[in-house]
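Please work through the exercises below with the sequence and the structure open beside you, trying each task before reading its solution.

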Amino acid sequence: MKVTILGSGTCVPSLKRNASGYLLEADDKEVLIDCGSGILLQLERAGRSYRKIDALFLTHGHPDHFADLMPLLHALFYTPNFTREKDFSIIAPKGFEQYYNRAIGSIIGESKDFRILFMEVAHTMCYGPWNIRTAETEHSADSTAYRFELEGRSVVFSGDADYDSGIIELSEHADLLIADCSFPDAMKVKGHLSAKECGLLAMHAHVKKLVLSHIYPADIPDADRVKEAQTHFNGEIVLAEDLMEFRI
Ligand SMILES: [Zn+2]
Ligand SMILES: [Zn+2]
């Protein structure tokens, strides 16, 4: 498996950190985990193509996690000399399909060449080569974390999440945990993990590698979050940067 960080940022505009999005690849499948504003361009910067994306796994319905879905589909519909033939799947929490039909589908319509398929998040799912488990997170009414497993390897995307037992359980012994590290400890906000809590989560879940992502701008350098997380977790900790890649 390979993970590319397309956006390690948030809703706050930043030239350094795009809004949230990750590319996950295995075998011949390429899926996005979230698709915040700018992700379409980040795919180009990463030397990848929106044309190949098979599916979007949405963690929740906040705009910093899905705002580029409409531009992505628009591009798939209207790129000259390109005909999309494979289905595009949208795996999302309950209620998103209705929102899509109202706010996105009603504007861009349907393609005559490919289908857009919706799948509602379930506790366990299969997609492509992956076995997938999910957990509700403490953030919004629909917020979901995903764990993708393939041939004994695993990666967890926390989405936006606060500290709770569900995310610890989902992350157990994961090879890679990409965690919401919105704020350093001194700026802790309910509904998001702080850096220390990311370390605590990684320690209790015995993960192999912790990636701190979804970084809001703060008064202290971003790198200090690694030190804060290290107070609990003595495994490898990486501060996410856009276009970083991980092989699992
Ligand atoms: Zn967010
Ligand atoms: Zn959110």
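**Exercise 1. Locate His206 and describe its backbone.**

Solution. Begin with the position in the chain: in this predicted model, His206 belongs to the loop between α6 and β12, and it comes just after helix α6. Next, read the backbone angle, and you will find that phi of His206 is near 55 degrees, a positive value in a residue other than glycine.

**Exercise 2. Which residues of helix α6 (residues 195-205) are buried, and what covers them?**

Solution. First go along the helix and list the residues under 20% relative accessible area; in α6 the buried residues are Ala195, Glu197, Cys198, Gly199, Leu201, Ala202 and Ala205. Then look at what packs over these residues, where the cover includes α5, β11 (176-180), β12 (209-213) and α7 (224-230).

**Exercise 3. Find the loop residue Glu151 and state whether it is buried or exposed.**

Solution. Start with the location, which is the loop between β9 (144-150) and β10. The accessibility comes next: Glu151 has a relative accessible area of 72% and is therefore exposed, since the cut-off for that class is over 50%. Finally, check the backbone, where Glu151 has a positive phi of about 50 degrees, although it is not a glycine.

**Exercise 4. Identify the protein donors of the zinc ion (ligand 1) and classify the site.**

Solution. Step one is to collect the donor atoms, which are supplied by Asp64 (OD), His65 (NE2), Asp160 (OD) and His214 (NE2) and lie 2.2 to 2.3 Å from the ion. Step two is to place these residues along the chain, where the donors of the zinc ion (ligand 1) follow the spacing D-H-x94-D-x53-H. Step three is the geometry: the 4 donor atoms make angles of 90 to 163 degrees, and the site of the zinc ion (ligand 1) is irregular. For comparison with the limits, four donors would count as tetrahedral if all angles lay between 85 and 135 degrees. Step four considers one pair of donors, His65 in helix α2 (residues 63-66) and Asp160 in the loop between β10 (153-157) and α5 (165-171), so that the pair ties together parts that are 95 residues apart in sequence. Both His65 and Asp160 are buried.

**Exercise 5. Identify the protein donors of the zinc ion (ligand 2), and find which residue bridges the two zinc ions.**

Solution. Again collect the donor atoms, which for the zinc ion (ligand 2) come from His60 (NE2), His62 (ND1), His139 (NE2) and Asp160 (OD), at 2.1 to 2.4 Å. The angles that these 4 donor atoms subtend run from 90 to 172 degrees, which makes the arrangement irregular. In sequence, the donor residues of the zinc ion (ligand 2) are spaced H-x1-H-x76-H-x20-D. The bridge is Asp160, which joins the zinc ion (ligand 2) to the zinc ion (ligand 1), the two ions lying 3.5 Å apart. His62 and Asp160 also link distant parts of the chain, with His62 in the loop between β4 (55-57) and α2 and Asp160 in the loop between β10 and α5, 98 residues apart. As for accessibility, His62 has a relative accessible area of 30% and is partly exposed, whereas Asp160, at 2%, counts as buried.

**Exercise 6. What volume does the largest pocket have, and what volume does the largest cavity have?**

Solution. Take the pocket before the cavity: the largest pocket has a volume of about 300 Å³. Its lining consists of 19 residues, and the closest to its centre are Ser14, Leu15, Arg17, Asn18 and Ala19. Helix α1 (residues 39-45) gives the largest share of this lining, 3 residues, and by class the lining of the largest pocket divides into 7 nonpolar, 6 polar and 6 charged residues.

Turning to the cavity, the structure holds 1 cavity of 30 Å³ or more, and the largest cavity has a volume of about 90 Å³. Of the 15 residues lining the largest cavity, Ser20, Tyr22, Ser158, Gly159 and Ile178 are the closest to its centre. The largest share of the lining of the largest cavity, 3 residues, is contributed by β11, and the classes in that lining are 5 nonpolar, 7 polar and 3 charged residues.

Note on methods:
Residues are numbered from 1 along each chain as its sequence is written. Chains are lettered from A and ligands numbered from 1 in the order in which they are written. This is a predicted model: local features need pLDDT of at least 70, side-chain atom pairs count only at pLDDT 80 or more; totals for chains, interfaces and linings use all residues. Side-chain values use heavy atoms; hydrogens and water are left out. Donors are N, O and S atoms within 2.8 Å of the metal (3.2 Å for Na, K and Ca); water is not among the atoms, so sites may look incomplete. Four donors count as tetrahedral if all angles lie between 85 and 135 degrees; four count as square planar and six as octahedral if opposite donors are over 155 degrees apart and all others between 65 and 115; anything else is irregular. Helices (H or I, at least four residues) and strands (E, at least two) are DSSP runs, numbered from the N terminus. Buried means under 20% relative accessible area, exposed over 50%, partly exposed in between (1.4 Å probe, protein chains only). On a 1 Å grid over the protein atoms alone, a cavity is a set of points where a 1.4 Å probe fits but cannot get out, and a pocket is an open set with protein on both sides within 12 Å along at least five of seven lines; lining residues have an atom within 4 Å of a point. Grid points are joined across faces, edges and corners, and a volume is the space filled by probe spheres set on the points. Ala, Val, Leu, Ile, Met, Phe, Trp, Tyr, Cys and Pro count as nonpolar, Asp, Glu, Lys and Arg as charged, and the others, Gly among them, as polar. Contact means heavy atoms within 4.5 Å.
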